[in-house]
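Me: I have a structure open on my screen and would like to learn how to read it. Could you take me through some features, one at a time?

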Amino acid sequence: MIVFRLGRIRTPQGPGMVLLLPFIDSFQRVDLRTRAFNVPPCKLASKDGAVLSVGADVQFRIWDPVLSVMTVKDLNTATRMTAQNAMTKALLKRPLREIQMEKLKISDQLLLEINDVTRAWGLEVDRMELAVEAVLQLPQDSPAGPDLDSPLQQLALYFLQGGMSSVAGGALHPGPGKETPEKDTLEMVNEVEPPAHRGAGPSSKQPVAEGLLTALQPCLSEVLVNQVGACYQFNVILPSGTQSTYFLDLTSGQGKVGCGVPDGIPDVVVEMAEADLRALLRRELWPLGAYMSGRLKVKGDLSVAMKLEAVLRALK
């Protein structure tokens with residue numbers, strides 16, 4: 001109990017019986033137990049242009065009852081607004097992928113930022129947990145350019161554009177004993193795409209989805225098979241309205257990818273448009289965001305379908 005005698009604050013009293021002088025003393029009770037509130041979900045825009053609905057759960061307690069009474073009028077409202085403003089500023093600086101994968105790290109950073117403000121009020125936030133309710137809009141498509149720093153991404157870009165003359169100028173033909181360079185360069189594209197298939201010809205008529213799935217071949221490995229251990233069938237809707245079928249088998253050996261249905265029964269059947277498959281392999285779209293937005297339809301175990309993220313990470 002905080003007691004004011006003739007308007008002047010006294011030493012906190014209680015718990016227990018407290019004697020007050022009528023007409024002279026006034027008081028205010030302060031609850032020192034841990035309390036909690038939630039920041040209602042609100043629409044926020046991430047750094048890459050995605051729109052998502054994000055809320056938070058906050059637990060706090062008062063450690064100095066005098067400061068809590070003297071420095072702020074409505075402690076709950078002030079704390080809620082501080083948490084919401086800190087959350088908004090932090091998420092505006094991060095892309096959607098980082099928000100989804102590093103919620104705990106972001107929550108810990110927000111906890112420190114909020115406590116820097118609320119300690120002056122005699123209040124300490126013990127716990128804050130972000131809650132991503134939904135992704136309302138996927139990130140805006142960014143043009144592929146210098147940020148494509150991995151050989152597989154460059155290879156996907158090559159198939160999309162039907163061959164790039166700039167790559168042909170710097171082609172390298174590694175021999176059987178040549179080591180793969182550690183540094184990612186455009187010349188590495190030619191390790192998968194032979195020069196004979198470049199330019200106008202059958203490769204220029206190759207479907208985009210088929211070329212992109214073929215680009216997965218170099219990243220297949222026993223490590224990826226052990227990590228995923230599933231067989232996928234892709235039903236790709238082409239711009240003409242027809243459907244093409246491809247498979248990615250990561251159940252044995254080093255895995256394999258190709259056209260048609262797999263030899264056995266697939267664990268998951270994925271249906272999506274060709275443009276969305278392209279965005280997945282260029283890492284402009286991720287399975288979770290595609291599924292939540294309805295751009296990716298899954299028949300089978302959803303948790304197995306989300307393991308496709310391991311395949312996308314192998315494209316680094």
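Reply: Happy to! Let's begin on the surface: Leu6, Leu21, Phe23 and Ile24 make a nonpolar patch of about 500 Å². Before we go on, note that this is a predicted model, where local features need pLDDT of at least 70 and side-chain atom pairs count only at pLDDT 80 or more, while totals for chains, interfaces and linings use all residues. Residues are numbered from 1 along each chain as its sequence is written, and side-chain values use heavy atoms, with hydrogens and water left out.

Me: What counts as a patch here?

Reply: Patches are made of residues with over 30% relative accessible area and no salt bridge; like charges are joined within 9 Å, and nonpolar side chains (Val, Leu, Ile, Met, Phe, Trp, Tyr) within 5 Å. The accessible areas come from the Shrake-Rupley method with a 1.4 Å probe, and for residues only the protein chains shown count as cover.

Me: Where does Leu21 lie, and is Leu21 buried or exposed, or partly exposed?

Reply: Take the words first: buried means under 20% relative accessible area, exposed means over 50%, and partly exposed is in between (1.4 Å probe, protein chains only). Leu21 has 39% relative accessibility, so it is partly exposed. You can find Leu21 in the loop between strand S2 (8-9) and strand S3 (25-28). Helices (H or I, at least four residues) and strands (E, at least two) are DSSP runs, numbered from the N terminus.

Me: How should I read a helix such as H4, and what is its reach?

Reply: Compare its span with the expected one, which is 1.5 Å times one less than the number of residues. H4 (residues 103-118) has 16 residues and reaches 22 Å from first C-alpha to last, close to the expected 22 Å.

Me: Which residues of H4 are buried?

Reply: Start with the general idea: an α-helix has 3.6 residues a turn, so residues three or four places apart point the same way. In H4, the buried residues are Ile106, Ser107, Leu110, Leu111, Ile114, Asn115 and Thr118. They cover an arc of only 165° around the axis, so they sit on the same side of H4. That arc is taken from the directions from the helix axis to the C-beta atoms. On the face turned away from this buried side are the exposed residues Lys105, Leu112 and Asp116.

Me: What do the buried residues of H4 pack against?

Reply: Their partners are helix H2 (75-92), helix H3 (96-101) and strand S6 (123-137). To follow single neighbours, look for contacts, meaning heavy atoms within 4.5 Å. Thr118, in helix H4, is buried with a relative accessible area of 0%. Not counting residues up to four places away in sequence, Thr118 touches Leu123 and Val125. From helix H2, look at Thr82, which is buried at 16% relative accessibility. With the same exclusion of residues up to four places away in sequence, Thr82 touches Ile114, Val117 and Trp121.

Me: How many salt bridges does the structure hold?

Reply: Side chains of opposite charge can pair when their charged atoms come close. A salt bridge is a side-chain nitrogen of Lys or Arg within 4 Å of a carboxyl oxygen of Asp or Glu. The structure holds 10 of them. In one, Arg5 pairs with Asp25, with the closest N and O atoms 2.8 Å apart. Arg5 lies in strand S1 (residues 2-5) and Asp25 in strand S3, so the pair ties together parts 20 residues apart in sequence. Arg5 is partly exposed at 27% relative accessible area, whereas Asp25 is buried at 12%.

Me: Could you show me another pair?

Reply: Try Arg61 and Glu124, whose side chains meet at 3.1 Å, N to O. Arg61 is in strand S5 (residues 51-62) and Glu124 in strand S6, so this salt bridge ties together parts 63 residues apart in sequence. Arg61 is partly exposed at 29% relative accessibility, and Glu124 is partly exposed with 23% relative accessible area. Arg61, Glu124 and Asp126 are linked in a network of salt bridges.

Me: Which residues does Thr34 touch?

Reply: Leaving out residues up to four places away in sequence, Thr34 touches Gln59, Phe60, Arg61 and Asp126. You will find Thr34 in the loop between S3 and strand S4 (35-45), partly exposed at 48% relative accessible area.
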